[in-house]
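Here are my comments on the model you sent, as numbered points. They start with the charges and then turn to overall form and the interior.

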Amino acid sequence: MATTQAPAARGVLDRYFRISERGSTVVTEIRGGLVTFFTMSYIVVLNPLIIGTVQDNGFEGNFLGGGSEPNLAAVAAATALVAGVMSILMGMVANFPMAMATGLGLNAVVAYSVAALPGMTWADAMGIVVMEGLVILILVLTGFRQAVFNAVPHDLKVAITVGIGLFIAFIGLVDAGFVRIPASLATPVELGIGGSLGSWPLLVFVVGLLLTVVLMVRKVKGAILIGIVSSTVLAVIVEAIVQAGGSQDADGEPVATGWRLNVPALPDTWVDLPDLSLLGQFSLFGSFSRMSVVAVLLLVFTLLIADFFDTMGTMVAIGGEAGLLDEKGNPPRTTRILVVDSIGAAAGGAGSVSSNTSYIESASGVGDGARTGLAAVVTGVCFLLTMFFTPVVAIVPFEAATPALVVVGLLMVVQITGIDWRNLEIAVPAFLGIILMPFAYSITAGIGAAVVTYVIIKLAVGKVRQVHPLLWITAALFLIYFLQGPIGAVLGI
């Protein structure tokens, strides 16, 4: 005769994470955590290629970590460490099957819209990320979070996501050399080399992109990671045969047909102690000496917008997939989830890897049966182990990794259907916000244009009551930001 397990007989893990109570098992949670890890582990490779390959705009123009050359292994190690710690914290504190890591889109904001500002160093940029995380934490603890969430109309939130998606995709295409500035300067950009895919590295990019897309269409778990690994293997084979070399010759002259970033070759060592030298390399208030207080506040607000609303949507989506939402559509321990996520934003800045946020890829683990925080703990442990394999990052050229950027951009752009394009009062600001991010190469410019245009249109049509008070303040700050040059000239600054 079958017997039921008495509550006292259940293991410590089962009791702590309420595994049986949520209709799961320890084995299912472990498997779900592994699935989530393999689905989102691409960030350990991708984040270094986004923030580790861009020079700041300080006096010396250093890469992340203060050197004159990229240190991708250090960025990868810190990325894995912070992701591991924050995922474990999410599982232990909030008991929610949602892992965390450096946010795609957010890291692009930091690299291309913050660190690139005149006089800004990477330490200053990461200090702004820490400030953003602390602000979000205060908003959560005071209950002010809901007011900020309600301030920006839903359609503009969607437009921000779509715009960042286009921006990320554009960065991927440019970094791979699939789109580049033509030598003749006859047009702003062109396809490949002289309008054709005239190099072996570009062929690797195209194969990698098509492979990743096919895997995603076929719903293969870990499609992005499989795409990166497969493209890297192909790149190593191609380089061994054709010896395309790097993107510069011995004299430093550009070579259009060479590999970008890294020349793919097997490393001397596969396992090594992690380089954690990036930890703590941030300047909390350094940015105030580089620019005006208004400009700093706008940068913090820009990161907050991109981070804050994404988390809300992610936790509701994961909770819905796991069947954990209450009658109001909220997941259990909502405040704890948001507190941990806020700490992740600050921890990402303190670790010099950009804001950490909740990952929608956690849905893959939930789809495989995960229902508790044990799955997030398993994912976090996997990230910590990954720290010891960061030398592998040096193998990956842009052409093998950037297909993932294009695909992630696609996943963000598909949300464009959530915008009411028939209503010009929202369509116009949404459109400007979307197109200006890639065209102006600035996420801040896109968000600012969307907010300012929305407020002006509502004022023009006599619907000022539809504009949240916080949005008026935000629009005014963005106007000052856009007009800093003329205002400075008038004031003699």
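1. Charges. The model is a predicted one. The chain carries 21 positive and 29 negative charges, and the mean positions of the two sets lie 17 Å apart.

2. Overall dimensions. The C-alpha trace spans about 80 × 65 × 45 Å along its principal axes. For 493 residues, a compact globule would have a radius of gyration near 23 Å; the chain has 23 Å, so the value agrees with that expectation.

3. Secondary structure and contacts. The chain contains 19 helices and four strands. Among contacts with a separation of 6 or more, 79% join residues 24 or more positions apart.

4. Surface and burial. About 20,800 Å² of the chain is exposed, with carbon and sulfur atoms supplying 67% of that area. Of the 493 residues, 54% count as buried.

5. Main core. Which residues touch the most other members of the largest nonpolar core? They are Leu-104 and Trp-122, in a core of 109 residues. Helix H4 (residues 72-94) gives the most to this core, contributing twelve residues.

6. Surroundings of Leu-104. Leaving aside residues up to four places away in sequence, Leu-104 touches Tyr-42, Ile-43, Leu-46 and Ile-50 as well as Ile-168, Tyr-359, Leu-405 and Val-408.

7. Second core. Separate from the largest core is a second one of eight residues, which include Phe-178, Val-179, Leu-202 and Leu-209. As general background, nonpolar side chains in soluble globular proteins tend to be buried together.

Notes: Residues numbered from 1 in each chain as written. Predicted model: local features only at pLDDT ≥ 70, side-chain atom pairs only at ≥ 80, totals over all residues. Heavy atoms only, no water. Helix = DSSP H or I, 4+ residues; strand = E, 2+ residues; numbered from the N terminus. Rg over C-alpha atoms; globule rule 2.2 N^0.38 Å. Buried < 20%, exposed > 50% of the residue type's maximum accessible area, 1.4 Å probe, protein only. Contact = heavy atoms within 4.5 Å. Areas by Shrake-Rupley, 256 points an atom, 1.4 Å probe, with all protein chains shown as cover. Lys, Arg positive; Asp, Glu negative; His and termini not counted. Charge placed at Lys NZ, Arg CZ, Asp CG, Glu CD. Core = buried A, V, L, I, M, F, W, Y, C linked by side-chain atoms within 4.5 Å.
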